[in-house]
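User: I am in my first year and would like to learn how the words used for a protein model are justified. Could you take me through the reasoning step by step?

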Amino acid sequence: MDIIIWLIVALTLTWFMSYTRASLSSFTLCFAALMALGSLFNIIGIVSWLLFAVIALPINIDNIRQQFISMPLLAIFKKIMPQMSSTEQEAIDAGTTWFDADLFRGDPDWLKLHNYPRPRLSSQEKAFLDGPVEQVCAMVNDWYITHEIADLPPEIWQFLKENKFFAMIIKKQYGGLEFSAYAQSRVLQKLTGVSSVLASTVGVPNSLGPGELLQEYGTKEQQDYYLPRLAKGEEIPCFALTSPEAGSDAGSIPDYGVICHGQFNGEDVLGMKLTWDKRYITLAPIATVLGLAFKLQDPDNLLSEQEDLGITCALIPTDIEGITIGRRHFPLNVPFQNGPTQGKDVFVPLDFIIGGSDMAGQGWRMLVECLSVGRAITLPSNSTGGVKTAALATGAYSRIRRQFKMPIGKMEGIEEPLARIGANAYLMDAVTTMSTGAIDLGEKPSVISAIAKYHLTEKMRSSIIDAMDIHGGKGICMGPNNYLARGYQGAPIAVTVEGANILTRSMIIYGQGAIRCHPYVLAELEAANNSDNEQALNDFDHALFGHIGFSLSNISRSLWCSITGSRFLGSPYDDGTRRYYQLLTRFSANLAMLSDISMLSLGADLKRKERISARLGDVLSQLYLASATLKRYNDEGRNTADLPLVQWAVEDCLYNIQHAIDELISNFPNKIVGKLLRVIIFPLGTWLKKPNDEISHKVAQLLQTPGSARTRLGQGQYLTRDGNNIFGRLEQVLEDIISCEPIYEKVCRELNKKLPFYHLDKVAELGLTNNIISKVEAELLTTAEVGRQWVIAVDDFDSKDMTAFSGSA
């Protein structure tokens, strides 16, 4: 019996030390103490001590451990791990890790998350949103823009230039606005609510483009010349990266430049002869200055001893001879300025390289570093703004539109998609706020930016489909009063650009996350690629044994969470969200364990197992989305009125995490390992469900009922109550309909007759004639009827007007 007790104590100690991530020396000392206790009670003999010494001494003595364990393993590691290319290395080096690293490592610190400051607008940023942004929204007629002229009207272009909409990212010393990332996001969200053409036009110059590249890498001369001109709108920039043969695989662009001598402005200078063929370039048809990515060659070694210098970025005026520009693409009836650009043997001086000749060959690093920021702002913000506005509009429509003698929003079939829209709007705004807040804290969150781009554009696409389903015929008939169709048509655009979503999910999110967020993998890779053998061995030894302890810890944590249901885990709040924190911590530990086991069992093949990578990436992504949702709820004061939105969003994330892990385990290449993983993670099977009907009902009703929660959901959108703003008018009609319902009920009650809830003007006449209601009440009924008819109306046209484009388009 004594030996059994001792073994139980030994196993418990092993588990506890692993769980708490104790150091190797601490683990060894504690186990030695336990051995000594066993000897004291005659449980442990000399053989056990010898076995302990054989294991403990080699791993605790540096020279022996390195010579006989780490060195052979390093040699194997070098053979099985592929050589990291320079483009891969630069992509990994770009950006920083943030709370994504905490989620990846199995033990997120929730207090740390909530202690990050909530982003706030400066007085200047708020004034810009309340002033110029509000004004330009009032100027927009999206039907006229998209159907009649296929462009922004000249007066809007001029307004954007004069008010520095293209200079939000440019520093004040150059005449720009120098807004925070959070402010840029709020501007784009508001603009998208009225016109995706407008938002795209403003978003691109403030994202990956010449302005950002010049500020980060440009020479002083380039900055002093171009940045003030960009800030004033005297130059319209575009950036050309994508080629017909290189879309998402931007590192393979075939466009090239050759260093040579040539004539420029009558002088013989050292320059580059450039040839390119680019497409999908936003603002290219009207750009005055072209940012260009190409591969630079130096066959005569005029600049360097290398012949292939690598990807380089240059800034080129578009009026130079040999540049073809002006034609347009037509992206899914959302005709923002976008088109191809070509150049054949265009000679420009070397000082056209952004940053000068010293930055030749540094273009890929420049691009991935900038994209690690820009990818988290423009497309996620545009998607969020569109869904927030659509959520309010669809909620209003569902309350106003009646079928079967009741608002369609009371039908359970409508409540289901309506709840998805509302919860997604809440979550998406949470993610953009948290992600841009990280940028404003000085981070360049490359993994988070990929998560935000992929998941928010996907949620935008699914939400707009749900909104179209609810609107039915109202949604599919195009016209000036259709506020969904262009968003529905254009949804794939955001999904496609800045890295196609299929690629982002299957390769980028986990591919970068596994290396950047893991505490030891990057150090192991760097050691394997280090030519200094002594330093490589020291670094690898440190990382290897840290990695082993980390892996054992995550197995212990995962097993403990499975046995206890994670109910003993801590939570920063003991309320309705407590369980969410516990389950997210559990799944964080599962992700860390699954990552290590996938790397160990698949090795370099993990890079090619895109479905495995995608599912691991899904787990990391959903952890981040849920974390952002909980942070928003906390930052906004934990308003219980918002709790249904939080519950639906987080429970959906948790279900998606469970589903991703279940699919990963079911399809794990090594079936034995897969079965062991299932025993550790899901010993009692999968148990989480999608958000239940009660929560969905609460969210759906919230969207249809004016109140503080609904106002917070649509915060920052263009909802001004004027006759030209469809969304402001919808809000007014919603309030009028709700206000007149008691009046309508009173008339029906007094007449002892259930009147239909239409022709409310006639109900008003009956009420007045029978002295049931006042004149004010009758006017409200009449006003509500006018609004109701407008809401449910569908645009129609004469046959002669059914032309795709007219006039100057």
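Analyst: Let us begin with a definition: a residue is called buried when its relative accessible area is under 20%, exposed when the value is over 50%, and partly exposed in between. Please keep in mind throughout that this is a predicted model.

User: With those cut-offs in hand, why is Glu-458 called partly exposed?

Analyst: Glu-458 has a relative accessible area of 21%, and because partly exposed covers the range between under 20% and over 50%, Glu-458 is given that label. The residue belongs to helix α18, which covers residues 446-471. When neighbours within four places in sequence are left aside, Glu-458 is in contact with Val-495 and Asn-501, and its C-alpha atom is separated by 8.8 Å from that of Pro-492, which is 34 residues apart from it along the chain.

User: What makes Asp-596 buried?

Analyst: The relative accessible area of Asp-596 is 7%, and buried means under 20%, so the label buried applies to Asp-596. Asp-596 sits in helix α24, residues 578-602, and, not counting residues up to four places away in sequence, it touches His-518, His-547, Phe-550, Ser-551 and Asn-554.

User: Why is Ile-502 called exposed?

Analyst: Ile-502 reaches 71% relative accessibility, and since exposed means over 50%, the conclusion is that Ile-502 counts as exposed. Ile-502 is part of helix α21, made of residues 501-517, and from C-alpha to C-alpha it is 25 Å away from Leu-522, a residue 20 places apart in sequence.

User: How do you know that helix α22 is largely enclosed by the rest of the structure?

Analyst: Helix α22 has 8 residues, 521-528, and 6 of them are buried, so the helix is described as largely enclosed by the rest of the structure. The buried ones are Val-521, Leu-522, Glu-524, Leu-525, Ala-527 and Ala-528.

User: What makes the phi angle of Asn-301 worth pointing out?

Analyst: The background is that most residues other than glycine have a negative phi. Asn-301 has a positive phi of about 55° although it is not a glycine, and it is placed in the loop between β4 (289-297) and β5 (308-317). With 38% relative accessibility, Asn-301 counts as partly exposed. Asn-752 also has a positive phi of about 55° without being a glycine, and its loop runs between α30 (726-751) and α31 (760-769). Asn-752 is exposed, because its relative accessible area is 72% and exposed means over 50%.

User: How do you know that the radius of gyration of the whole chain agrees with that of a compact globule?

Analyst: For 809 residues, a compact globule would have a radius of gyration near 28 Å, and the protein chain has 31 Å, which agrees. Along its principal axes the C-alpha trace spans about 105 × 85 × 45 Å, and 56% of the 809 residues count as buried. The chain contains 32 helices and 9 strands. Among contacts between residues at least 6 apart in sequence, 75% join residues at least 24 apart.

User: Why is the largest cavity called a cavity, and which residues line it?

Analyst: A cavity is a set of points where a 1.4 Å probe fits but cannot get out, so the word refers to a space from which the probe has no exit. In this model 4 cavities of 30 Å³ or more are counted, and about 50 Å³ of space lies in the largest cavity. Its lining consists of Phe-166, Ile-170, Pro-205, Gly-211, Leu-230, Glu-235 and Pro-237, which divide into 5 nonpolar, 1 polar and 1 charged.

User: What makes up the lining of the second largest pocket?

Analyst: The second largest pocket holds about 900 Å³ of space and is lined by 31 residues, with Ser-23, Leu-24, Phe-27, Thr-28 and Ile-59 lying nearest its centre. The elements that give two or more residues to this lining are α1 (2-19), α2 (24-40), α3 (46-60), α4 (62-80) and α23 (533-564). Helix α23 supplies the largest share, 9 residues, and the lining as a whole divides into 18 nonpolar, 9 polar and 4 charged residues.

Key. Residues numbered from 1 in each chain as written. Predicted model: local features only at pLDDT ≥ 70, side-chain atom pairs only at ≥ 80, totals over all residues. Heavy atoms only, no water. 1 Å grid on protein atoms, 1.4 Å probe; cavity = no way out; pocket = protein on both sides within 12 Å on 5 of 7 lines; lining within 4 Å. Points joined across faces, edges and corners; volume = space filled by probe spheres on them. Helix = DSSP H or I, 4+ residues; strand = E, 2+ residues; numbered from the N terminus. Nonpolar A, V, L, I, M, F, W, Y, C, P; charged D, E, K, R; others polar. Buried < 20%, exposed > 50% of the residue type's maximum accessible area, 1.4 Å probe, protein only. Contact = heavy atoms within 4.5 Å. Rg over C-alpha atoms; globule rule 2.2 N^0.38 Å.
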